[in-house]
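Here are some notes for a colleague opening this structure for the first time. Have a look at the sequence and the model before reading on.

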Amino acid sequence: MKVALITGITGQDGSYLAELLLEKGYMVHGIKRRSSLFNTDRIDHLYQDPHDSNQRLKLHYGDLTDSLNLTRIIQECQPDEIYNLGAMSHVKVSFDTPEYVGNVDGLGTLRILEAIRILGLEKKTRIYQASTSELYGGLPENKNERGFYDENSPFYPRSPYGVAKIYGFWITKNYREAYDMFACNGILFNHESPRRGETFVTRKITRAVAKIALGLQEKIFLGNLEAKRDWGHAKDYVRMMWMILQADKAEDWVIATGVTTTVRDFVRMAFGEVGIELEFKGDGVDEKAYVTACNHSDFKLEIGKEVLSIDPSYFRPTEVDLLIGDPTKAKEKLGWIPEYDLADLVKDMMESDVKIMKRDVDLLKGGHDVLTQAE
């Protein structure tokens with residue numbers, strides 16, 4: 001039985017990857033940070049009785065800032081594969097916590113690689129490092145002749161998160177060359193799902209649209225609507241992570257869809273899933289969105305209602321306007337084909353968030369009925 005260790009297992013990617021590996025018969029170990037609150041909701045359906053001898057998922061308390069702890073866990077698990085997905089991955093927040101981001105996202109990668117070297121596991125353990133499209137910085141002159149960013153495009157990170165991740169990228173490459181480790185970088189472009197964190201723009205949009213449609217929220221505030229991103233589904237991307245570590249040779253790979261969409265159009269698509277059509281008026285910080293049609297029997301909004309405004313506080317100090325990846329290498333060498341397009345992704349996220357918000361409405365209504373009866 002193969003053994004895998006996942007850092008960041010309680011996150012979006014970690015939970016989907018754990019599902020995939022368990023389906024493939026792996027023993028899966030995951031590292032989670034200690035918290036006073038339960039933060040395992042994304043993997044609770046996978047984690048059963050820890051005393052069950054047939055349980056193939058085991059969690060360990062740990063932190064990417066603690067090298068001794070990481071070394072101990074790796075020594076105990078003796079993993080065949082390590083997927084380093086743990087990170088502080090919110091770009092906007094990285095400007096507020098740059099030192100912490102550098103310690104976790106940059107040096108955290110080094111701590112894992114060094115643990116493998118110290119423990120003498122270079123020949124046994126294959127390592128996947130979750131890199132990011134934020135390495136490129138969106139500079140148009142750095143794209144390839146087809147107008148995309150690929151494995152050979154120069155880097156120019158424009159956030160503390162991107163800078164920290166560029167250290168993780170190069171130290172992974174360095175240890176691969178210096179110690180003959182099977183260590184690979186997956187340069188992931190934006191990937192989303194119903195499990196995406198609530199502060200990331202796509203999930204912020206789908207949650208807000210569900211609330212607005214149900215009358216629970218008046219409107220949504222966003223930042224740069226002109227920003228363009230290459231959005232894929234996290235399920236497709238974690239499958240590629242696994243494929244990278246099954247390859248014959250350790251290399252670095254771009255994981256992307258090759259299609260770019262503005263934040264504004266993502267908003268249109270999300271509202272469209274609940275039968276609401278929008279018109280955008282104004283420019284820059286004065287841009288707003290208004291309802292022009294409402295074609296769903298379950299959701300009734302007043303025509304002309306304002307449902308979106310711009311909040312300048314959401315602008316980044318240095319903005320990346322356009323990111324689009326070239327997945328040609330992944331498709332041609334590993335046969336990776338995404339199963340979801342953007343329309344599928346938005347539909348999946350909206351169906352999930354509408355269901356969540358309806359459930360919350362029912363719970364509130366049930367609580368109100370109980371109080372009314374008590375009175």
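The points below go from one group of strands to another, with a loop residue at the end.

1. A word on the source before anything else: this is a predicted model. Please keep that in mind for each point here.

2. Let's start with strand β1, residues 3–7. The strand is mostly covered, with 5 of its 5 residues buried. Side chains in a regular strand alternate between the two faces of the sheet. Here Val-3, Leu-5 and Thr-7 sit on one side, Ala-4 and Ile-6 on the other, and both sets are buried.

3. Which strands pair with β1? One is β2 (residues 27–32), parallel to β1 and joined to it by 5 bridges. To find the pairing on screen, pick Thr-7, whose bridge partner in β2 is Ile-31. Between β1 and β2 the chain passes through helix α1, residues 12–23, and this β-α-β crossover is right-handed.

4. Strand β4 (residues 81–84) also runs parallel to β1, with 4 bridges between them. Two positions help you line the strands up: Leu-5 stands opposite Ile-82, and Ala-4 has Glu-81 as its bridge partner.

5. Now for β4 itself: are its residues buried or exposed? Glu-81 and Tyr-83 point one way, Ile-82 and Asn-84 point the other way, and all of them are buried. β4 also pairs with β5 (residues 126–132), in the parallel sense and over 4 bridges. Across that pairing, Tyr-83 stands opposite Tyr-128 of β5.

6. Further along the chain, look for an open sheet of 4 strands in the order β8-β15-β14-β13. The pairing in this sheet is mixed. β8 (220–222) and β13 (276–281) are the edge strands; each has a single partner strand, so one side of each has no neighbour in the sheet. On average, neighbouring strands here are turned by 25° against each other, ignoring direction.

7. As a reminder on pairing, strands of a sheet are held through backbone hydrogen bonds, either parallel or antiparallel. In this sheet, β14 (residues 288–294) and β15 (residues 306–310) take the antiparallel option, over 3 bridges. Lys-288 is the residue to click on, as it stands opposite Ser-309 in β15.

8. Which helices should you look at with this sheet? Helix α6 (residues 201–213) lies across β8, β13 and β15, and runs at about 160° to β8. Helix α8 (residues 263–272) packs on the sheet too, touching β8, β13 and β15, with its direction at about 150° to that of β13.

9. The two helices also meet each other. The axes of α6 and α8 come within 10 Å and cross at roughly 35°, and the crossing is right-handed. From α6 the contact takes in Val-201, Thr-202, Ile-205, Thr-206, Val-209 and Ile-212, and from α8 Val-263, Phe-266, Val-267, Ala-270 and Phe-271. How many of these contact residues are nonpolar, polar or charged? The split is 9 nonpolar, 2 polar and no charged.

10. Last, a loop residue. Asn-54 lies in the loop between β2 and β3 (57–61). With a relative accessible area of 62%, Asn-54 counts as exposed, because the cut-off for exposed is over 50%. If you want a distance to try in the viewer, take Asn-54 and Arg-126: these residues are 72 apart along the chain, and their C-alpha atoms are separated by 25 Å.

How values were computed:
Residues numbered from 1 in each chain as written. Predicted model: local features only at pLDDT ≥ 70, side-chain atom pairs only at ≥ 80, totals over all residues. Heavy atoms only, no water. Buried < 20%, exposed > 50% of the residue type's maximum accessible area, 1.4 Å probe, protein only. Pairing = 2+ DSSP bridges. Right-handed = clockwise from strand over helix to strand, strands pointing away. Axes fitted to C-alpha atoms, helices over the stretch in contact; angles between N-to-C directions. Contact = heavy atoms within 4.5 Å. Left-handed = near helix turned anticlockwise from the far one by under 90°. Nonpolar A, V, L, I, M, F, W, Y, C, P; charged D, E, K, R; others polar.
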